[in-house]
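Dear colleague,

I am handing over the structure below, and my notes on what was found in it follow directly after. Please read them with the structure open beside you.

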Amino acid sequence: MLGLMQNHPLLISSLIDFAARYHGDTEVVSRRVEGDIHRYTWLDVQRRAKRVANGLDALGLQASDRVGTLAWNGYRHLELYFGVSGSGRVLHTVNPRLLPEQIAWIVNHAEDRVMCFDMSFLPIVQGIHTHCPSVKHWIALCDEDKLPADTGIPHLLSYEAWIGGQPDQYPWPVFDENTASSMCYTSGTTGHPKAALYSHRSTVLHAYASALPDVMGLSARDAALPVVPMFHVNAWGLPYSAAMVGAKLVFPGPAMDGKSLYELMEAEGVTFAAGVPTIWQMLLGHTAGNKLRFSTLTRTVIGGSACPPAMIATFRDDYGIDVLHAWGMTEMSPLGTLCTLKEKHRHLPEQEKMKIRLKQGRPIFGVDMKIVDDHGEDLQWDGKTYGDLYVKGPWILDQYFKGEGGDPLVDGWFPTGDVATIDADGFMQITDRSKDVIKSGGEWISSIDIENIAMAHPAVAMAACIGMPHPKWDERPIVAVVLKPGAAASRDELLGFYEGKVAKWQLPDDVVFVDAIPIGATGKMLKTRLREQLKDYKLPTV
Ligand code: AMP
């Protein structure tokens, strides 16, 4: 017997209609590429998203045609989120920090028909447009009068002229909720990147789950600042979840330095922010250096790579701000776990609570996980045993776009490539990427643990731990360290700092001082590049 309830498909268009109808006067504020602040409301977003939908019809785009973006976090990008997917096309957010040839490869692979780009990326587009035959329309996200006279790009349109002539009424089509809505290519550290293709259903379910109190706890009383880029897994779904709850949205545009972010947060009453650790490092550097306080910010979601304990402590102890440590991946839309304590933890001493907060957290309803050994056998959840982390759920990838890489699943589970422990309460902790884990004498050493200890030293700005080949132990860990400006610490002092904090055999063999740690296009450390840089390095002989 079937239930007797209405069967409405879960569509992205319903999110923007809801936000416009019930939170129509709530603001969406953007720092623009032009440098000024743009301010309007959710009702305006809906109207202009409908103009986008009409504009795509006028360009002759069919259902499921891909519309690419090369854009910062801002209101025009937001309009494309709803106008493209809402009208049944697929939004393809491209990471502009990739190399131009990688961008061209991705655009061709996705077969984008239209490419919308911020003027900051005009040089990229000028370099690649002749190599992207599928793109029939290049659209610059600016006013008509900001378009330079001769860009060399044939038929270049300005976004404002394109949508300006379109009506702001559009009957959103109703279709199967499993229809593709947006796509994002993985970082692709080996071989070509592969794309996760999200559906309307997976996106709306992810938005529901991510707004829950133990997840991001988003509400109509929040002003949310997604610093995590809209070109990286849909800014962790915040454009959708903010529309779902009617939160104010604040976009930083290209200005992600500590000063600009701080000023925007204060001016717009930001209560909630989300981003990768490197961004917060810059923000905290600015606030500490200028003795500033946050007057409205209460919590910040930090993920994308492990959040150093020192950062959680600084936010909590110095500023009274809760850090919500989150873990996920492109293939997971992206949210998998988030770290919030349970009632049973309320009376634990602060030090014990901190140990839990460092973990990547508990799964969100909709995500199931397990850790397995090399034979695929389940491992125990004791918080110590580590193994390969597998996940499944309705917003987790089933196959890559165009079936690239074959069937990625193992008995219905997606292998994340992360190595983790899970404790008896279901809190997961990432110890490494499987390819970054250091294998010494048959034992595994967590590079994250080694990095976190270095990062707690007052002179250290950034640390990356990698394994170096060793004749007896296979591999031994070393730490590459960037010192804070003006700070000093010797190799021996830093090695001494590890004593008593890890087992003797886990102590790094060496500290190497570097000017910078290579950072990839999504803000994560590029250990492959670091290994290349240190290819002539030799471990000290004891
Ligand atoms: P991406 O698909 O580019 O978002 O990368 C996903 C990968 O980033 C995960 O598989 C993890 O290796 C890493 N990652 C994401 N969040 C965290 C976190 N909180 N702690 C440690 N690693 C993380």
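Helices here are DSSP runs of H or I with at least four residues, numbered from the N terminus. With that in mind, Lys353 has its place in helix α13, which covers residues 350-357; please remember throughout that this is a predicted model. Lys353 counts as buried because its relative accessibility is 14%, and the cut-off for that term is under 20%. Its side chain reaches the backbone oxygen of Arg346 at 3.1 Å. If the neighbours within four places in sequence are left aside, Lys353 is in contact with Leu341, His345, Arg346 and Leu348, so that Arg346 appears both in this list and as the polar partner.

Turning to the sheets, nine strands form an open sheet of mixed pairing, in the order β2-β1-β11-β10-β12-β13-β14-β15-β16. Its edges are β2 (37-41) and β16 (362-363), and since each has a single partner strand, one side of each is left without a neighbour in the sheet. At the β2 end, strand β1 (residues 27-31) pairs with β2 in the antiparallel sense over five bridges, with Ser30 standing opposite His38 in β2. Strand β1 also runs parallel to β11, to which three bridges join it, and there the bridge partner of Val29 is Val250.

Strand β11 (residues 248-251) sends Lys248 and Val250 one way and Leu249 and Phe251 the other way, and all of these residues are buried. Two bridges join β11 to strand β10 (residues 223-226), again with a parallel run, and here Ala223 is the residue that stands opposite Lys248.

What forms the surroundings of the ligand, and which strand gives the largest share of the shell? That share, four residues, comes from strand β14 (residues 322-328), which is also a member of the nine-strand sheet. There are 15 residues around the ligand, of which Ala326, Thr330, Gln360, Asp418 and Arg433 come nearest. As for polar approaches, a nitrogen atom of the ligand lies 2.6 Å from a polar backbone atom of Ala326, a nitrogen atom of the ligand is 3.1 Å from an N or O atom in the side chain of His325, and an oxygen atom of the ligand is 2.6 Å from an N or O atom in the side chain of Asp418. Taken alone, the ligand exposes 500 Å², and the protein buries 92% of that.

A further open sheet, also with mixed pairing, has seven strands in the order β7-β6-β5-β3-β4-β8-β9. Here β7 (157-158) and β9 (195-199) stand at the edges, and because each has a single partner strand, one side of each has no neighbour in the sheet. Within this sheet, strand β3 (residues 66-70) and strand β4 (residues 90-93) pair in the parallel sense over four bridges, and Gly68 stands opposite His92 in β4.

Finally, helix α2 (residues 42-58) has 17 residues and reaches 24 Å from its first C-alpha to its last, close to the 24 Å expected at 1.5 Å a residue. Its buried residues include Trp42, Val45, Arg48, Lys50 and Asn54. After α2 comes Gly60, whose phi is positive, near 85 degrees.

With kind regards

Note on methods: Residues numbered from 1 in each chain as written. Predicted model: local features only at pLDDT ≥ 70, side-chain atom pairs only at ≥ 80, totals over all residues. Heavy atoms only, no water. Buried < 20%, exposed > 50% of the residue type's maximum accessible area, 1.4 Å probe, protein only. Polar contact = N/O pair within 3.5 Å; in protein donor to acceptor, adjacent residues only side chain to side chain. Contact = heavy atoms within 4.5 Å. Pairing = 2+ DSSP bridges. Expected span 1.5 Å × (residues − 1). Near = heavy atom within 4 Å. Areas by Shrake-Rupley, 256 points an atom, 1.4 Å probe, with all protein chains shown as cover.
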